[in-house]
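User: I would like to go through this model with you and ask, for each label you use, what justifies it. Could you set each value against its definition as we go?

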Amino acid sequence: MSQDALSKLLASRDWLMADGATGTNLFNMGLESGEPPEFWNTDKPDNIRSLYRNAVNAGSDIFLTNTFGGNASRLKLHAAQGRVRELNRVGAALGREIADASGRVVVVAGSVGPTGEIFEPMGTLTHRVAVEMFHEQAEGLKDGGVDVLWVETMSAPEEYAAAAEAAALAGMPWCGTMSFDTAGRTMMGMTSSAMAEMVEKLANPPIAFGANCGVGASDLMRTVLGFAAIGSARPLIAKGNAGIPKYHDGHIHYDGTPELMGEYAVLARDAGVRIIGGCCGTMPEHLAAMRKALENTPKGPLPTPEDITAKLGAFSSASDGTGDTSGDPKRERRNRRG
Amino acid sequence: MADDEIILADLSDDELVMQMHDDLYDGLKEEIEEGVNLLISRGWTPYDTLTKALVAGMTIVGADFRDGILFVPEVLLAANAMKGGMFILKPLLIATGAPRMGKMVIGTVKGDIHDIGKNLVGMMMEGAGFEVRDLGINNSVEKYLAALEEEKPDILGMSALLTTTMPYMKVVIDTMKEKGMREDYIVLVGGAPLNEEFSKAIGADAYCRDAAVAVETAKALVLRKHNQLTA
């Protein structure tokens with residue numbers, strides 16, 4: 001069986017560098033807040049080429065396509081639910097073009113973000129509909145020539161599993177990360193260790209799994225330590241934000257410096273992460289600093305939480321949400337009823 | 001379960017209220033509806049039923065959500081149970097002219113589909129006795145302004161979950177300033193990528209980290225606003 005491009009690259013290298021922000025970069029090119037970035041795949045293809053090329057030139061081995069919100073549920077906001085296949089195909093094809101022209105092996109990863117809907121019984125989304133939506137998007141990305149599907153910023157384990165099933169239907173290799181932004185857990189309450197365990201139980205497990213976005217680089221590294229503690233043999237992914245968003249003169253600016261992101265990249269590698277990138281606020285200059293730090297810093301020991309806070313700043317919450325008692329109500333309960 | 005089944009009707013008022021707090025915590029909608037009906041049938045005012053049974057119960061849920069003990073799925077179930085109780089109480093509250101905390105218009109900004117946080121805030125605000133008009137997701141500045149004109153609320157709440165949509169909050173606030181109506185409202189903002197500094201920079205009155213904080217902030221700011229008006 002012929003190996004996919006990402007697995008081949010992973011087999012030949014200790015670590016790979018992924019890309020940085022999509023939204024933050026597109027804003028700087030004039031994207032209006034509230035407008036869907038995916039429209040630019042067809043309306044301003046040169047901007048999307050620049051986005052991809054900047055990541056490649058800064059040293060990324062993998063970059064994600066501009067298709068994060070390219071599912072029917074999200075495109076429906078802009079009455080574009082009929083353009084799923086097209087917008088994903090074009091966003092992917094532009095990526096293929098840039099990767100093939102780079103003169104080295106660069107993996108094009110088809111970004112698949114959450115639907116934004118909540119699963120039954122709390123919400124209305126069913127497993128069947130979620131799989132259908134992800135499958136439709138996956139086929140578009142496949143048509144455009146991505147090497148791998150890249151599921152990201154997930155909160156709900158059900159949605160992650162639906163994306164896994166859709167990848168199988170499309171016959172595509174995939175990677176998948178979740179966003180741990182709520183007291184160390186995902187918004188839906190999943191811990192890092194629970195995710196590591198869930199991934200191994202999937203019928204179609206990803207090539208690599210990990211965390212993206214969330215709250216700054218420190219918190220993301222704490223999540224990574226949670227994965228590492230489980231000791232999964234599957235490659236880990238870290239794509240952290242370049243600090244915390246600040247607002248300056250009409251622009252969103254993330255306060256993490258290129259130097260800080262360089263420190264973060266080295267810490268992630270020392271924690272055993274194989275695929276290291278950034279998320280919101282991570283610009284080409286951050287990526288260049290990360291690449292340089294990764295190449296020039298010898299591998300160190302597994303970082304401790306103290307190492308992380310000393311280099312990257314304080315965590316946003318006291319605990320990472322794992323542990324025996326954090327999920328249980330503290331107060332005394334009366335009789336439980338069925 | 002027959003042996004340890006609790007018969008709500010057999011409980012004293014105090015025990016029933018305690019049980020309702022637990023049932024809210026566990027998201028048991030039918031039990032909450034039964035509890036509300038029982039209290040009303042025992043002569044409780046709709047307002048006391050709301051505040052002592054439901055609001056007090058949701059305050060516990062809110063505190064544990066704030067402290068990272070409960071997460072979104074549990075809170076959604078609790079809020080759904082609360083809604084069941086509110087559905088019974090709402091007409092009774094209006095009929096009895098119960099005191100109102102204030103009114104809020106709330107919505108997720110243009111381009112953003114996420115409404116989990118916004119729904120939680122809406123439900124917790126209702127739980128705290130506020131009247132809430134929910135504009136849903138994907139709201140343009142025009143839709144926000146039309147709702148403000150129509151409802152004349154005390155508070156405008158805006159939510160965004162994406163880096164690409166959060167600056168739109170500033171568009172709305174700037175437009176309110178242009179029209180000279182910014183000072184007529186308390187503007188609260190929230191959502192995962194936001195922070196206090198961002199809310200100040202765009203000219204909001206406060207950033208609310210979660211639904212529990214939103215309720216506390218709304219209560220404090222509405223009180224301050226009313227004091228200013230009477231001063």
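**Labels and the values behind them**

Analyst: B:Val17 is a case to begin with: it is called buried because 20 other C-beta atoms lie within 10 Å of its own, and the definition asks for 20 or more such atoms (12 or fewer would make a residue exposed, anything in between partly exposed, with C-beta atoms placed from the backbone). This is a predicted model, in which local features need pLDDT of at least 70 and side-chain atom pairs count only at pLDDT 80 or more, while totals for chains, interfaces and linings use all residues. Residues are numbered from 1 along each chain as its sequence is written, and chains are lettered from A and ligands numbered from 1 in the order in which they are written.

User: Where is B:Val17 placed, and with which residues is B:Val17 in contact, leaving aside its neighbours within four places in sequence?

Analyst: B:Val17 sits in helix α1 of chain B, where helices (H or I, at least four residues) and strands (E, at least two) are DSSP runs numbered from the N terminus. Beyond those sequence neighbours, B:Val17 is in contact with B:Lys52 and B:Ala53, contact being the case if the C-beta atoms of two residues, placed from the backbone, lie within 7 Å.

User: What makes A:Val146 buried?

Analyst: A:Val146 has 30 other C-beta atoms within 10 Å, and is therefore buried. A:Val146 belongs to the loop between α7 (127–144) and β4 (148–154) of chain A, and its contacts, apart from neighbours within four places in sequence, are A:Thr65, A:Ala92, A:Gly95, A:Val108, A:Ala109, A:Gly110 and A:Leu141.

User: Why are α10(A) and α13(A) called roughly antiparallel or roughly parallel, whichever applies?

Analyst: The axes of helix α10 (residues 216–230) and helix α13 (residues 305–312) of chain A come within 9 Å and cross at roughly 165 degrees, where axes are lines fitted to C-alpha atoms, for helices over the stretch in contact, and angles run from 0 to 180 degrees between N-to-C directions. That makes α10(A) roughly antiparallel to α13(A), since angles over 145 degrees count as roughly antiparallel, under 35 as roughly parallel, 65 to 115 as roughly perpendicular and the rest as oblique. The contact is made by A:Ala217, A:Ser218, A:Met221, A:Arg222 and A:Leu225 of α10(A) with A:Pro305, A:Ile308, A:Thr309 and A:Leu312 of α13(A). By class, this contact has six nonpolar, two polar and one charged residues, with Ala, Val, Leu, Ile, Met, Phe, Trp, Tyr, Cys and Pro counted as nonpolar, Asp, Glu, Lys and Arg as charged, and the others, Gly among them, as polar.

User: How do you know how α10(A) and α11(A) are oriented to each other?

Analyst: α10(A) and helix α11 (residues 258–270) of chain A pack at an angle of about 0 degrees, with their axes 11 Å apart, and the two helices are therefore roughly parallel to each other. In this contact A:Ala217, A:Met221 and A:Val224 of α10(A) meet A:Leu260, A:Met261, A:Tyr264, A:Leu267 and A:Ala268 of α11(A), and the residues divide into eight nonpolar, no polar and no charged.

User: What span should helix α5 of chain B have, and what are its end C-alpha atoms found to give?

Analyst: The expected span of a helix is 1.5 Å times one less than its number of residues. For the 12 residues of α5 (residues 116–127) of chain B this gives 16 Å, and the end C-alpha atoms are 16 Å apart, so the two values agree. α5(B) is mostly covered, with 12 of its 12 residues buried, and α5(B) is followed by B:Gly129, whose phi is positive, near 100 degrees.

User: What makes A:Ala183 and A:Cys213 count as buried, and what is phi of A:Ala183 and of A:Cys213?

Analyst: A:Ala183 counts as buried because it has 22 C-beta neighbours inside 10 Å, and A:Cys213 because it has 24. Phi is near 50 degrees for A:Ala183, a positive value in a residue other than glycine, and near 60 degrees for A:Cys213, again positive in a residue other than glycine. A:Ala183 lies in the loop between β5 and α9 of chain A, whereas A:Cys213 lies in strand β6 (residues 209–213) of chain A.
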